[in-house]
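Trainee: I would like a close look at one residue and its setting. Please start from that single part and work outward.

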Amino acid sequence: LSALIYCEANAESYNGKLAVGIVVMNRVRSKAYPDTVKGVIYQKYQFGPASNGALSKALARYDKGRFTSGSEKDCIKAAKEALSGVTTITVNGKKIDFSKYLYFSGYLKGCTFTLGNHEFK
């Protein structure tokens, strides 16, 4: 999960990274998606990094212990939080419930929340 967060949200704030992790976990809990993190991440046509090679490269760096930059460590922390069941983020002092969000993208028709360069619904 941390490698996917890195691929999808490396340039985003910590909250943006956590939000991506929460979306993946929301899908795991949804009956409309596979019931494992790996199944969700590798589901066809869902996450570009899983099909374009970027995720494989990030996983190789992670597996070799090379996820050591501040941003990479934030991706690991965000993944651990999302895996532990965290479903809220705090933006400008306000808690935002992310438990229903199943999608994010740079542009997402019908989005209901924007955080950094991602739109969520």
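Trainee: Where in the structure is the place of Glu72?

Mentor: Glu72 sits in helix α6. First, the ground rules. This is a predicted model, with residues numbered from 1 along each chain as its sequence is written, and with side-chain values that use heavy atoms and leave out hydrogens and water. Local features need pLDDT of at least 70, and side-chain atom pairs count only at pLDDT 80 or more, while totals for chains, interfaces and linings use all residues.

Now the residue. Glu72 counts as buried because its relative accessibility is 3%. Buried means under 20% relative accessible area, exposed means over 50%, and partly exposed lies in between (1.4 Å probe, protein chains only). Contact means heavy atoms within 4.5 Å. Set aside sequence neighbours within four places, and Glu72 is in contact with Tyr6, Arg61, Arg66 and Phe67.

Next, the elements around it. Helices (H or I, at least four residues) and strands (E, at least two) are DSSP runs, numbered from the N terminus. The protein has 6 helices and 5 strands. From the N terminus on, they run α-α-α-α-α-α-β-β-β-β-β.

Helix α6 (70-83) also takes part in the largest nonpolar core. Such a core is a set of buried Ala, Val, Leu, Ile, Met, Phe, Trp, Tyr and Cys residues joined through side-chain atoms within 4.5 Å. This one holds 36 residues, and Leu1, Ile89, Phe98, Phe113 and Phe120 touch the most other members. The elements that give two or more residues to this core are α1, α2 (14-29), α3 (37-41), α5 (54-63), α6 (70-83), β1 (88-91) and β4 (113-115). Helix α2 gives the most, with 9 residues.

Take Leu1, at the start of the chain. Beyond four places in sequence, Leu1 is in contact with Gly21, Val24, Met25, Val37, Ile41, Ala79, Ala82 and Leu83.

One of those partners is Val24, which is found in helix α2. Val24 is buried, given its relative accessible area of 0%. With residues up to four places away left out, Val24 touches Leu1, Leu4, Val37, Val40, Ile41 and Phe47. The C-alpha atoms of Val24 and Ala82 are separated by 8.4 Å, although the two are 58 residues apart along the chain.

Then helix α1. Its buried residues are Ser2, Ala3, Leu4, Ile5 and Ala9. They pack against α2, α3, α4 (48-52), α5, α6 and β5 (118-120). Cys7 lies in α1 (residues 2-9) too. Cys7 counts as partly exposed because its relative accessibility is 25%. Outside four places in sequence, Cys7 is in contact with Pro49, Ala54, Leu55 and Ala58. The C-alpha atoms of Cys7 and Ala60 are separated by 13 Å, with their positions 53 residues apart along the chain.

Now the loops. Lys44 is found in the loop between α3 and α4. Lys44 is exposed, with a relative accessible area of 60%. Its C-alpha atom and that of Ala60 are separated by 21 Å, at 16 residues apart along the chain. Tyr45 has its place in the loop between α3 and α4. Tyr45 is exposed, at a relative accessible area of 74%. Its phi is near 65°, a positive value in a residue other than glycine. Asn92 is placed in the loop between β1 and β2 (94-97). Asn92 counts as exposed, at 80% relative accessibility. Asn92 is not a glycine, yet its phi is positive, about 50°.

Last, the whole chain. Of its 121 residues, 40% count as buried. Among contacts with a separation of 6 or more, 51% come from residues 24 or more positions apart. The C-alpha trace spans about 35 × 30 × 25 Å along its principal axes. The radius of gyration is 13 Å, which agrees with the value near 14 Å for a compact globule of 121 residues. That radius is taken over C-alpha atoms, and the globule rule is 2.2 Å times the number of residues to the power 0.38. The accessible surface comes to about 6,800 Å², and 51% of that belongs to carbon and sulfur atoms. Accessible areas come from the Shrake-Rupley method with a 1.4 Å probe, and for residues only the protein chains shown count as cover.
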